[in-house]
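Thanks, everyone, for making the time this morning. I would like to walk through one model with you, beginning with its packing and moving on to its charged and aromatic pairs.

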Amino acid sequence: MNEEKKGKEIIADKIYYVQRVVALLMAILIFFPGMNPGRICELINKNVSLFTAGISYGTLTGEMGRALTKGWISQDTMILVFCASLIMLVGIVAAGAGGCLSLGNLKMKKLGNPFSIAGGALGMAGLVMIWIAHAQIVLTEKPTKVGPMFPNGWYVFLVLIVLLLVSSIAIQFLLPKPEAGSKYEMESKYKLFLIFLPFAALCFVFSYLPLYGWRYAFFDYHAGGTLSSDNFVGFKWFTSLFQNKATRADVVRVLRNTLAMSGLGIITSWLPMAFAIFLNEIKNTKFRRFVQTFTTIPNFISWVLVYAIALAIFSTDGFINTAGVALGLIEGGTNYLMGNSHIWLKMLLWGTWKGIGWSAIIYIAGISGIDQQLYEAATVDGAGRFQKMWHVTVPGLIPTYCVMLLMSIANILSNGMDQYLVFENAQNTSYMQVLDLYVYQLGIGSGNIPLSTVIGMVKSIVSVILLFAANGISKAIRGESIV
């Protein structure tokens, strides 16, 4: 009898793979507009995903104001689509919870499988509601104004939900009853995986999902337009990046600014480590905490406010000019923010002031991990404070510094945009414009979205190459790597 139970549990474990894959696929597809099962008419924006449709009714109906006013589409129909999308999202979350619980022991699997069944039932209910809403739209008085359609995503989700229900019901019958008195348990590796999973999901949504937008680089696209075979241009924008003299000159200038500012950042990347070392040497705990807090706070101030502070100090009517005129040191005010001299150095100083306290935190944590016996041994050998800093603390932080240096090299083309956007003006733009700012102004400001996408793609690919190159050099020299 025990062997029969064990055999059924083994079969159930194999079916669990289907259940987990289905739950994962549905969780991914909710972010893809092309797989939105709720886009039942052409008036629903093609860029609206199932996730957006289920959390924002305003976005779902954003382009059908006239149709709702004229009565071509019933308000109840769109509310039905919104509720159906929300129900499907809840069902997918329940299916995901069931998949996570399936990583535990038998008792935890018994607890989690009903979540998967409930998730499948909610998903099926949502699909039925969407089908009813589509039937209502088909009966509209002016279908040419509405453009009824039945999305392919509906069929995709139907197949996935059927697989989820079938596998979950099969598992429910196959799983034996857990022994009396057993506890909910899960292996440590699975616990760690589930702790990591939300961060992996956020990384996917904000770092990998936007790569779907790279497709704009292959179309002659304008804001508000569509992507189709009619405006497909292949590698036109890739070649124009090098063939157009004006664009090529802009890219060279922007790369010069980017590499110069990033290079200065890499050269001074040791400053946070030095600051952390000297901060750690302050014996007065209250004063040390005050200094650390005071230097960390600027990191949480937006660059807009930083520019406001700079304006209050360095503008024509700022503190420096006002005080200088009052003391008779200068005759008239000078706007120090408008000039184009020493722009790279100024940006480095502003960035250092804003981020040195925050960047030092990782080194402060690294110092706390250094074996205290090394300091005691150095004291016995007669080492002074600075000798212990140089021969104990610095070597202990070198591995951390090397990792941060590798990351800086990999991000050498990514300076950010906010700082340079607020400090840019007509006089300093030739030295201020970095790659991220150029892409923003080219795509949003000039509307050349395909070309800005191409430049962003090239930047990402070069950054990955630089990361692996720096990692290979580190592995060859130090014998350690981060990838």
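When I say that one residue touches another, I mean a contact, that is, heavy atoms within 4.5 Å. Please also keep in mind throughout that this is a predicted model.

With that in hand, let me start at Phe157, which touches Met26, Leu29, Ile30, Met35, Pro37, Leu50, Met88, Ile92 and Leu127, once residues up to four places away in sequence are left out of the count. Phe157 is also, together with Met26, Cys41, Met64 and Ile73, among the residues with the most contacts inside the largest nonpolar core, a set of 37 residues. Five helices each supply at least two residues of that core, namely H1 (2-29), H2 (50-55), H5 (75-101), H6 (106-138) and H8 (152-174). Of these, H5 gives the largest share, with eight residues. Apart from this core lies another, of 16 residues, which includes Trp237, Val251, Leu413 and Leu442.

Let me turn to the charged pairs, where a search of the whole structure finds five salt bridges. In one of them, the side chains of Lys109 and Asp13 meet at 2.6 Å, N to O. Since Lys109 lies in helix H6 and Asp13 in helix H1, the pair ties together parts that are 96 residues apart in sequence. Is Lys109 buried or exposed? At 8% relative accessibility, Lys109 counts as buried, whereas Asp13, at 27%, counts as partly exposed.

Another bridge joins Arg385 and Glu281, with a distance of 3.4 Å from N to O. Here Arg385 sits in helix H19 (residues 385-410) and Glu281 in the loop between helix H12 (271-280) and helix H13 (285-296), so to speak of distant parts of the chain is fair, given that the two are 104 residues apart. Arg385 is partly exposed, with a relative accessible area of 43%, while Glu281, at 15%, counts as buried.

In the bridge between Asp436 and Lys459, the closest N and O atoms are 2.7 Å apart. Asp436 belongs to helix H22 (residues 435-445) and Lys459 to helix H23 (residues 449-478), with their positions 23 residues apart in sequence. Asp436 is buried at a relative accessible area of 17%, and Lys459 is buried at 15%.

Now to the aromatic rings, for which the search of the whole structure finds 19 pairs. Phe219 and Phe232 have ring centres 5.4 Å apart and planes at 75 degrees, so the pair is edge-to-face. Phe219 and Phe232 both fall in the loop between helix H9 (188-208) and helix H10 (236-243), 13 residues apart. Phe290 and Phe294, by contrast, have centres 5.8 Å apart and planes at 20 degrees, so that pair is stacked. Being four residues apart in helix H13, Phe290 and Phe294 are separated by about one helical turn. Phe290 is exposed at 51%, and Phe294 counts as exposed at 57%.

I will finish with an aromatic cluster made up of Trp303, Tyr307, Phe314, Trp350, Trp353 and Phe423. At Trp353, helix H16 bends by about 40 degrees, and Trp350 is one of the residues buried in H16. Helix H16 (residues 343-359) nevertheless reaches 23 Å from its first C-alpha to its last, close to the 24 Å expected for its 17 residues.

Note on methods. Residues are numbered from 1 along each chain as its sequence is written. This is a predicted model: local features need pLDDT of at least 70, side-chain atom pairs count only at pLDDT 80 or more; totals for chains, interfaces and linings use all residues. Side-chain values use heavy atoms; hydrogens and water are left out. The expected span of a helix is 1.5 Å times one less than its number of residues. The bend at a residue is the angle between axes fitted to the seven residues ending there and the seven starting there. Buried means under 20% relative accessible area, exposed over 50%, partly exposed in between (1.4 Å probe, protein chains only). A nonpolar core is a set of buried Ala, Val, Leu, Ile, Met, Phe, Trp, Tyr and Cys residues joined through side-chain atoms within 4.5 Å. A salt bridge is a side-chain nitrogen of Lys or Arg within 4 Å of a carboxyl oxygen of Asp or Glu. Rings of Phe, Tyr and Trp (its six-membered ring) pair if their centres lie within 6.5 Å; planes under 30 degrees apart count as stacked, over 60 as edge-to-face and the rest as tilted.
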